[in-house]
Amino acid sequence: MTLHQPATSPAIDPVKLDKLAEVAIRVGLNLQPGQDLFLTAPIAALPLVRRIAEHAYKAGAGLVTPIFSDEEITLARYRFAPDESFDRAAGWLHEGVAKAFANNTARLAVVGDNPMLLSGEDAAKVGRASKANSIAYRPALEKITGFDINWNILAFPSASWARQVFPDDAEEIAVAKLADAIFAASRVDLDDPIAAWTAHNAALRSRREWLNGQRFQALRFRGPGTDLTVGLADGHEWQGGSSTAKNGVTCNANIPTEEVFTTPHARRVQGHVSSTKPLSYQGTLIDNISVRFEDGRIVEAKATRGEEVLNKVLDTDDGSRRLGEVALVPHSSPISKSGLLFFNTLFDENAACHIALGQCYSKCFIDGAKLTPEQIAEQGGNKSFIHIDWMIGSDQVDIDGLHADGTAVPVFRKGEWA
């Protein structure tokens, strides 16, 4: 007997949707028999979440606990809640989630909300709510950034998101186009997605192994509006594709993924850099970002659109003006080739090389699982309530790896691996 599935939009192929659910459990999480699963999703993604639950229990899941969000309920807060509501978050919920992670519960996030949902709301309230949530979520986030457990993020093609990506199409056509783009990027449009992910992970592993063998001290990015030297943290380690969490489970944290990434040295970033794609952040499109770093810190920041929001983000805490990640993605990646702006970092970051403001990942250090937060900070790792990726790569950007003796090794030329 199979579970009754809810009506899925006829624009979404149910076979590929089921394959996506299977990839989430088998590749994204590699969920273990007896392991619990905590997942969050927009209510629009219910057809996918039901399939995920089915595949999770078939894989031996102990307990699957979903929490759903709803766009109308989110908007109701901004329209009717008292002002003091925006300085609060459900700390009790985040404490419970952190406790679940401490007990080896796997984490799955399904994204799919309208990325511009809050674009018409009071930016100050959006910023306050975001900060309160970031502070409350910190105990749980540390389990994620510390890679204590197997976790994964993937996407569902909701109608509200599809309308943003394809504004000139009728809703059903927009949903079909977004679904096709998600399925292709997630490799579930292929006959054997599991085998395709195995091959893709092997290719990413060979890239990261080469980089780890080089032991570069810094990377230098050069292109239009960019001359940036990103020092790499002491004892940094490149990651990409599948990796093993502290609980011993090998998983793919992002589906899709095209990046290899590591931790910059928070105090050794110099120069200026310009964004190559817009950043969609909590309903605001921040475009043509241009920043200047001195001794690792952003001392000047401009944007032709969304500059006020950018500066609010940079003032979140001491670490929000420093880098927590640098990632390499070829311009020829499938997501770049699609030519789409998804308004969603999960996809847009896989279209170009990028950097992230804020919190670093401890797994991007040699023996990172054994390092204390103090040791990570001493080696150059950044600490912050935020982690926000934005794109700095294109087919006009060259990257050199710099050794301690000043020797430069070509890494990227015109946006491709050298």
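## Cysteines

Cysteine 360 is buried (under 20% relative accessible area with a 1.4 Å probe, protein chains only), at a relative accessible area of 3%. Its sulfur sits 7.9 Å from the closest cysteine sulfur, in cysteine 364, too far for a bond. Cysteine 353 is buried as well, with a relative accessible area of 3%, and its sulfur is 15 Å from the closest one, again in cysteine 364. Disulfides (cysteine sulfur pairs within 2.5 Å) come to zero in this structure.

Keep in mind that this is a predicted model: local features need pLDDT of at least 70, side-chain atom pairs count only at pLDDT 80 or more, and totals for chains, interfaces and linings use all residues. Residues are numbered from 1 along each chain as its sequence is written, and side-chain values use heavy atoms, with hydrogens and water left out.

## Helix α2

Helix α2 covers residues 46-58; helices here are DSSP runs of H or I, at least four residues, and strands are E runs of at least two, numbered from the N terminus. Its end C-alpha atoms are 18 Å apart, which agrees with the 18 Å expected for 13 residues.

Buried residues of α2 include Leu48, Ile52 and His55. Among the elements covering the buried residues are α1 (14-29), β1 (37-42) and β4 (151-155). Just after α2, glycine 60 takes a positive phi of about 100 degrees.

## Strands β19 to β21

β19 (398-402) and β20 (408-413) pair antiparallel over four bridges; pairing takes at least two DSSP bridges. Glycine 401 stands opposite valine 409 in β20.

Next, β20 joins β21 (416-417) through two bridges, also antiparallel. Phenylalanine 412 has tryptophan 417 in β21 as its bridge partner.

Key. The expected span of a helix is 1.5 Å times one less than its number of residues. Buried means under 20% relative accessible area, exposed over 50%, partly exposed in between (1.4 Å probe, protein chains only). Contact means heavy atoms within 4.5 Å.
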